[in-house]
Amino acid sequence: MEQNIIKMEIKVAKHAGFCFGVKKAIEIAEEVAQNNKRDTYVYGQLVHNEKVIKDLENKGIIFIENINEIPQNAVTVLRAHGEPGTTYELLEQKSIVKGKNLNDATCPLVTLVHNVAIKLKNNGYEVILFGKANHPEAIGTSYHLKGKDTFIVEEPEHADNVIDYIKNNDFEKIAIISQTTMSVYGYKKLIDNVNSELKDAKFEEIPLSLKDLTKKYGYVDTICNPTKQRQSDTEELAKECDIVIIIGGKNSSNSKELYAKCKEFGVESYFIQSEEQLQKEWFIGKEKIGVTAGASTPDYLINEVVERIKDMANFKKEVLLNLKI
Ligand code: SF4
């Protein structure tokens, strides 16, 4: 079998793995745990990656899904995804507050989306969110809008629901914003789909600076740059490789988007969590292998996957390239 593979090239996306927001959140949690004689609690999955969570648990960090289970006055870390205000209120009731024992690792790019949502709302806009309703970031952003009643659209194909929502209400102004980890292509498609159904006015882009808030229908590009870079690098890989391996946690929204991107381009692709899932047969007859990873994947997992592919393929020539984007 191995003689089928003579020459092979492995391309690792330049922007793959941890984004700065996730990196920072992990650093904060580790530092707090190291300098703290008591237990350190993290509310929710700090990062959507099972292996990383296990490593942190081994360092003594306790992950709690139910906020009621965090003990009174506990040293607590909040993850990068951003929390609704109710989280801070509940923690305050347990004497867990910023400046004392609460370490907030919310990514500044998520805070930016919250601020955009608040400003649009305060300027008379009904704000619709393009995101995953159950994702912690969407829940956090919704808090600044209408809470559970915030209109969330999950797929570009659900544009009809947006149209119905607009038609069944008499909103003066409407703005669409996006969760930071959604697909750039999907967001554009959603706007196009909605616009194709509208007669009186179209959704036009409102710059992130929000200087001009006079448009009746507007959308703001709130997908973060690290997400965009990972998506565009993956697109390059999908175009030029015979197979693309995407590494990411099962619940990682941005990793799933990378997988969807590869599927969209019709390239053979596999979404894995670690090197143990790789199968030798995948690489038979393949010359160009792409490797990419979502924002919640550590470098060591990427390296392990690359090394394992090399072992499996037993190839004669290795070219490990970074994409020049
Ligand atoms: S994906 Fe973007 S918004 Fe989310 S933590 Fe990373 S940099 Fe921040």
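Tutor: A salt bridge is a side-chain nitrogen of Lys or Arg within 4 Å of a carboxyl oxygen of Asp or Glu. This is a predicted model, in which local features need pLDDT of at least 70 and side-chain atom pairs count only at pLDDT 80 or more, while totals for chains, interfaces and linings use all residues. Residues are numbered from 1 along each chain as its sequence is written, and side-chain values use heavy atoms, with hydrogens and water left out.

Student: How many salt bridges does a search of the whole structure find?

Tutor: One of the pairs is R79 and E83, whose side chains meet with N and O 3.2 Å apart. Searching the whole structure gives a total of 19.

Student: Is R79, the partner of E83, buried or exposed?

Tutor: Buried means under 20% relative accessible area, exposed over 50%, and partly exposed in between (1.4 Å probe, protein chains only). E83, at 5%, falls in the buried class. Because R79 has a relative accessible area of 10%, R79 is also classed as buried.

Student: How many residues apart in sequence are the parts that E155 and K132 tie together?

Tutor: The closest N and O atoms of the salt bridge between E155 and K132 are 3.1 Å apart. E155 lies in the loop between β7 and α6, and K132 in the loop between β6 and α5 (helices, H or I, of at least four residues and strands, E, of at least two, are DSSP runs numbered from the N terminus). The pair therefore ties together parts whose separation in sequence is 23 residues.

Student: In which helix does R308, the partner of E275, lie?

Tutor: E275 and R308 form a salt bridge in which the closest N and O atoms are 3.6 Å apart. E275 belongs to the loop between β12 and β13, so its pairing with R308 links parts 33 residues apart in sequence, and R308 itself lies in helix α10.

Student: Which element gives the largest share of the side of domain 1 that touches domain 3?

Tutor: The domain assignment, whose bounds come from an automatic or database source, places domain 1 at 2-17 + 226-322 and domain 3 at 109-219. The contact (heavy atoms within 4.5 Å) takes 9 residues from domain 1 and 10 residues from domain 3, and the rule finds 0 salt bridges across this interface. On the side of domain 1, the elements giving two or more residues are α8 (225-240) and α9 (253-264). The largest share, 5 residues, comes from α9.
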